[in-house]
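Student: I have a structure to look at, and I would like to understand how the words used to describe it are justified. Could we go through it together, setting values against definitions?

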Amino acid sequence: MLKLKTAVVAFGAAIVLAATAGYGPAAQAGDWPTDKQCKKVAKDADTIIKGWCTAINRKAGNCLACHQAMVNPWPEGFPVGGNIAPPLVAMAARFPNRDDLRAQVWDATAKNPTTSMPPFGRHKLISEEDIDNIVDWLLSI
Amino acid sequence: MKKLVSLAVGMGMAVLTASTAQAISEAEIKNDIAEFQGFFLKRFPGVALEDYVDGVNALPQYAHRRANWELMMDFPPYEPEMEKAEEEWSAPFANGKGFDDCDLAPANTYPVYDGASDDLRTLVADLNACLKANGEKPIKNVKRGKMARLIAHYKSQFNDEPMAVDFSAAGAQAWYEKGRQFYWAKRGQLNFSCADCHVTNSGNSVRGDVLSAGLGHGVGFPVYRTKWSMSGKPWGTTHRRYGGCNKQVRASPFKAQGTEYKALEYYEAIMNTGVPLKVPSQRQ
């Protein structure tokens with residue numbers, strides 16, 4: 001029993017460590033801001049937080065309308081994403097080439113004309129800088 | 001699904017050659033109906049064709065919220081409004097005639113193709129034509145309010161009748177093609193087609209909301225909608241809803257009772273062949 005407990009504690013510690021070490025500058029543990037908090041913090045934040053804020057804003061990227069995203073820890077009480085599109089996980093592994101990921105956000109119809117994903121760059125839904133920030137955020141999760 | 005996707009791609013190519021394209025044949029339309037309905041029956045096993053009258057409430061993905069809607073149906077919020085609708089329907093015209101004297105088609109057969117004018121007759125247009133013919137002022141707002149209540153009253157008398165819209169005339173098939181094109185073409189800044197959400201992603205969640213199935217769209221209309229009741233205008237026709245949908249994908253809405261929405265209503269009505277009417281309906 002004792003062994004199990006230590007194992008659990010160690011496992012927990014490992015998760016916390018992974019959370020703080022793995023997410024780079026954005027991983028100020030528990031600091032993924034919500035929509036409301038973004039209004040205050042996004043201006044002075046790094047590009048990863050800026051990207052997250054654009055991604056969750058319903059009037060900007062609104063990525064969560066269709067995608068679930070894995071950020072740790074998930075902001076308390078914040079609604080999870082939709083299930084129309086694949087969850088945003090392991091993005092750096094799935095897109096080893098940053099330009100490919102950026103191109104996908106800019107105009108997903110280039111690779112798949114029938115995709116439901118709006119062409120964020122081509123239709124000027126968000127700015128080029130916003131797209132860069134979103135890519136920074138995506139590659140951090 | 002693959003077939004549907006290739007249909008969408010085919011539609012795209014059809015646009016390129018639209019000027020030379022032949023109208024769609026009756027047999028082809030029948031095929032479309034079977035394919036469209038078959039897609040949903042396969043996607044949502046256990047949901048029968050007639051269940052689609054309840055819109056999103058019929059989908060298993062919406063089950064956790066269905067109880068809420070059922071509770072609301074114990075005392076439907078539109079009931080007092082339906083009494084008002086009956087009064088409005090029964091009020092005689094100045095010439096002594098009334099709406100009962102209007103030359104209307106059975107509600108489950110609208111829109112009706114009129115060969116003489118090569119136009120689609122919607123119920124809304126027929127009521128306004130009837131008012132005009134009897135020296136009354138046509139109803140200006142064709143999206144909500146009195147017009148919606150009048151058609152709710154008329155259509156409710158045909159409840160449980162399966163949709164049976166005629167598309168045997170060549171002119172009707174051209175209208176159908178227009179509607180199908182509208183349904184499957186991407187539009188707006190967000191680049192969504194009707195089908196992107198209501199076929200391909202039906203039953204999936206946009207954040208907390210479940211996307212309804214395209215099958216059954218319109219058989220409950222006009223609807224009494226909670227969202228619309230917030231602004232004191234709870235009633236809406238299909239064309240009001242189409243306008244809202246277009247705005248949501250950031251496209252300019254078309255005119256209610258205009259060519260585009262009439263064609264779209266026609267396409268949806270034909271896809272609903274065999275689905276019973278249930279008017280009015282409450283929607284979120």
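**Reasoning from values to words**

Tutor: Let us begin with chain B, where three strands form an open sheet in the order E6-E5-E7, with mixed pairing; please keep in mind that this is a predicted model.

Student: What makes E6 and E7 of chain B the edge strands?

Tutor: Strand E6 (235-236) and strand E7 (281-283) of chain B each pair on one side only, and that is what the term edge strand expresses.

Student: How do you know that strand E5 of chain B and E6(B) pair, and in which sense?

Tutor: Two strands count as paired if at least two bridges are found between them, and strand E5 (residues 223-225) of chain B and E6(B) are joined over two bridges, in the antiparallel sense. Within this pair, B:Val223 stands opposite B:Gly236 of E6(B). In general, strands of a sheet pair through backbone hydrogen bonds, either parallel or antiparallel.

Student: Why are helices H5(B) and H6(B) called roughly perpendicular?

Tutor: The axes of helix H5 (residues 123-133) and helix H6 (residues 145-156) of chain B come within 10 Å and cross at roughly 105°. Angles of 65 to 115 degrees count as roughly perpendicular, and therefore H5(B) and H6(B) are described in that way.

Student: Which residues make this contact, and of what class are they?

Tutor: B:Leu123, B:Val124 and B:Leu127 of H5(B) meet B:Met147, B:Leu150, B:Ile151 and B:Tyr154 of H6(B); by class, the contact has seven nonpolar, no polar and no charged residues.

Student: How does the reasoning go for H7(B) and H11(B)?

Tutor: The axes of H7(B) and helix H11 (residues 259-271) of chain B come within 7 Å and cross at roughly 90°, and since angles of 65 to 115 degrees carry the name, H7(B) and H11(B) are therefore roughly perpendicular to each other. The residues that meet include B:Trp175 and B:Tyr176 in H7(B), and B:Ala263 and B:Leu264 in H11(B). The residues of this contact divide into nine nonpolar, one polar and three charged.

Student: How does the length of helix H7 of chain B compare with the span expected for it?

Tutor: Helix H7 (residues 170-184) of chain B has 15 residues, and from its first C-alpha to its last it reaches 21 Å, close to the 21 Å expected at 1.5 Å a residue. Among the buried residues of H7(B) are B:Trp175, B:Gly179 and B:Phe182.

Student: What does the contact between chain B and chain A consist of?

Tutor: The contact takes 15 residues from each of the two, chain B and chain A. On the side of chain B that touches chain A, the largest share, three residues, comes from H1(B), and by class this side has six nonpolar, seven polar and two charged residues.

Student: Turning to chain A, why is A:Ile131 called buried?

Tutor: A residue is buried if 20 or more other C-beta atoms lie within 10 Å of its own; A:Ile131 has 21 such atoms within 10 Å, so A:Ile131 is buried. This residue is found in helix H6 (residues 128-140) of chain A, and, leaving aside neighbours within four places in sequence, its contacts include A:Arg102, A:Trp106 and A:Phe120.

Student: What share of chain A is buried, and what elements does the chain have?

Tutor: Buried residues make up 29% of the 141 residues in chain A, which has six helices and zero strands.

Technical notes: Residues are numbered from 1 along each chain as its sequence is written. Chains are lettered from A and ligands numbered from 1 in the order in which they are written. This is a predicted model: local features need pLDDT of at least 70, side-chain atom pairs count only at pLDDT 80 or more; totals for chains, interfaces and linings use all residues. Helices (H or I, at least four residues) and strands (E, at least two) are DSSP runs, numbered from the N terminus. The expected span of a helix is 1.5 Å times one less than its number of residues. A residue is buried if 20 or more other C-beta atoms lie within 10 Å of its own, exposed if 12 or fewer, and partly exposed in between; C-beta atoms are placed from the backbone. Two residues are in contact if their C-beta atoms, placed from the backbone, lie within 7 Å. Ala, Val, Leu, Ile, Met, Phe, Trp, Tyr, Cys and Pro count as nonpolar, Asp, Glu, Lys and Arg as charged, and the others, Gly among them, as polar. Axes are lines fitted to C-alpha atoms, for helices over the stretch in contact, and angles run from 0 to 180 degrees between N-to-C directions. Angles under 35 degrees count as roughly parallel, over 145 as roughly antiparallel, 65 to 115 as roughly perpendicular and the rest as oblique.
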